[in-house]
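Reader: I have a model open on my screen and would like to understand the words used to describe it. Could you take me through them, with the reasoning behind each?

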Amino acid sequence: MELTQIRYFLEVAESQHITASAEKLHIAQPALSQVIRRLEEDLGVPLFTKKGRNVVLTSYGKQLQKELRPVIEKLNAIPDIMKTMAKINQETIHLNVLAASALVTEAIIEYKKVHEDINFQLLQNTQTDIFDIEITTEMDYHLQKENQFVCSEKILLAVPNNEKYVGITSVSLRDLREEGFICLLGSRQFRYICDKFCHRAGLFPRVIFESDTPSVVKNMIAANMGVGFWPEFTWGKIDSDKVKLLEIQEECSRKIIMNYNLNKEDNSSVINFFEFLKLHFTQLSDKIY
């Protein structure tokens, strides 16, 4: 059954007049009659019967009309649905957040205070390039394209604020072999970077707890359950006087990389938020350094 047959059948079923329907459909009356006749042949049942100059539905025709009305209503609604989807997509920024999720969330909250019409959809997928903006991290990164922003962040060590570390402001990774580490799971980019720095220093951390959620790791460290690596500005301040942050004597830092794609017909909303996000990170970084 073809879409044209459905539309023509429903029009004739509504008007009950072949000639009037042909005029409304802007086709010749014989052509319309042929379409209806072919539809009846395809289905193997009569759909109309003559009644004077008009036609009326048979019981088969009535049932077919009942079945097809909701179908054609859905088909007719598709253009509006597509337009609505396009509008929503245009006003939705898709973020692939692989690093600094807390800061990105803060930036979104601040941005929406002024741009209420902009929506955000967040994902965490290292295997996709389908996004408007991606925030990721690496140990080192030199290539910077026009659609990218790169900033550096020092990695500190969070330790118990007890007698062992009184008066100490820095520590060598080589001296931490006996400490219990609280870490992100190995699948996280930040964990991979920290492990690399440890291995370079000859340290293989004794991990006593790990989680796939940065907030859990932060809370465990703040609860004095062990030591852990702490990105200097993306994780914010430690809300506990029982924990202190130490400089790491070895080179221990990372690059935060943001880049955007031009996926939309109008990319102004993506670029505007990218610039806002870049400024948000720069200001926080400047406060530290």
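**Reading the model, term by term**

Author: Gladly. Let us start with S269, which has its place in helix α8, residues 268-288. Please keep in mind that this is a predicted model.

Reader: Why does S269 count as buried?

Author: Buried means under 20% relative accessible area. S269 has 11% relative accessibility, so it counts as buried. Leaving out residues up to four places away in sequence, S269 touches Q90, I93, Y111 and I118.

Reader: K287 is found in helix α8 too. What makes K287 count as exposed?

Author: The word exposed is used over 50%. K287 has 70% relative accessibility, so it counts as exposed. K287 also has a distant partner in sequence: F233 is 54 residues away along the chain, and the two C-alpha atoms are 8.8 Å apart in space.

Reader: Now to helix α2, residues 18-25. Which of its residues are buried?

Author: I18, S21 and A22 are buried in α2.

Reader: How do you know that the buried residues of α2 line one face of the helix?

Author: Look down the axis of α2: the buried residues fall within an arc of 100 degrees, so they line one face. A general point helps here: an α-helix has 3.6 residues a turn, so residues three or four places apart point the same way. On the other side of α2, E23 and K24 are exposed.

Reader: What covers the buried residues of α2?

Author: The cover includes α1 (3-15), α3 (29-43) and β2 (54-57).

Reader: Since α1 is part of that cover, could you show me a residue of α1?

Author: A13 lies in helix α1. A13 has a relative accessible area of 5%, and under 20% means buried, so A13 is buried. Not counting residues up to four places away in sequence, A13 touches F48, L57 and Q65. A13 and L64 are 51 residues apart in sequence, with 9.8 Å between their C-alpha atoms.

Reader: What follows α2, and what is its phi?

Author: α2 is followed by H26, with a positive phi near 60 degrees. H26 is found in the loop between α2 and α3.

Reader: What makes the phi of H26 worth a remark?

Author: Most residues other than glycine have a negative phi. H26 is a residue other than glycine, and its phi is positive. As for its surroundings, H26 has a relative accessible area of 73%, which is over 50%, so H26 is exposed.

Reader: Where is N224, and why is it called partly exposed?

Author: N224 has its place in the loop between α7 (214-222) and β10 (228-231). Partly exposed covers the range between under 20% and over 50%. At 33% relative accessibility N224 falls in that range, so it counts as partly exposed. N224 has a positive phi as well, about 65 degrees, although it is not a glycine.

Reader: F190 lies in helix α6, residues 189-200. How do you know whether F190 is buried or exposed?

Author: F190 has 8% relative accessibility, and the cut-off for buried is under 20%, so F190 counts as buried. Its contacts, leaving aside neighbours within four places in sequence, are T137, I155, L184, F229, W230, P231, W235 and R254. Q148 is 42 residues from F190 along the chain, and their C-alpha atoms are separated by 20 Å.

Reader: Let us step back to the whole protein. How many helices and strands does it have?

Author: The secondary structure comes to eight helices and 12 strands.

Reader: Why is the protein called more spread out than a compact globule?

Author: For 289 residues the globule rule gives 19 Å, and the radius of gyration is 33 Å, well over that value, so the protein is more spread out than a compact globule. The C-alpha atoms fill a box of roughly 105 × 35 × 30 Å along the principal axes.

Reader: How much of the protein is buried, and what about its surface?

Author: Buried residues make up 44% of the 289 residues. The accessible surface comes to about 16700 Å², with 51% of it belonging to carbon and sulfur atoms.

Reader: And how many charged side chains are there, positive and negative?

Author: There are 34 positive and 39 negative side chains, and the centres of the two sets lie 5 Å apart.

Notes
Residues numbered from 1 in each chain as written. Predicted model: local features only at pLDDT ≥ 70, side-chain atom pairs only at ≥ 80, totals over all residues. Heavy atoms only, no water. Buried < 20%, exposed > 50% of the residue type's maximum accessible area, 1.4 Å probe, protein only. Helix = DSSP H or I, 4+ residues; strand = E, 2+ residues; numbered from the N terminus. Arc of directions from axis to C-beta. Contact = heavy atoms within 4.5 Å. Rg over C-alpha atoms; globule rule 2.2 N^0.38 Å. Areas by Shrake-Rupley, 256 points an atom, 1.4 Å probe, with all protein chains shown as cover. Lys, Arg positive; Asp, Glu negative; His and termini not counted. Charge placed at Lys NZ, Arg CZ, Asp CG, Glu CD.
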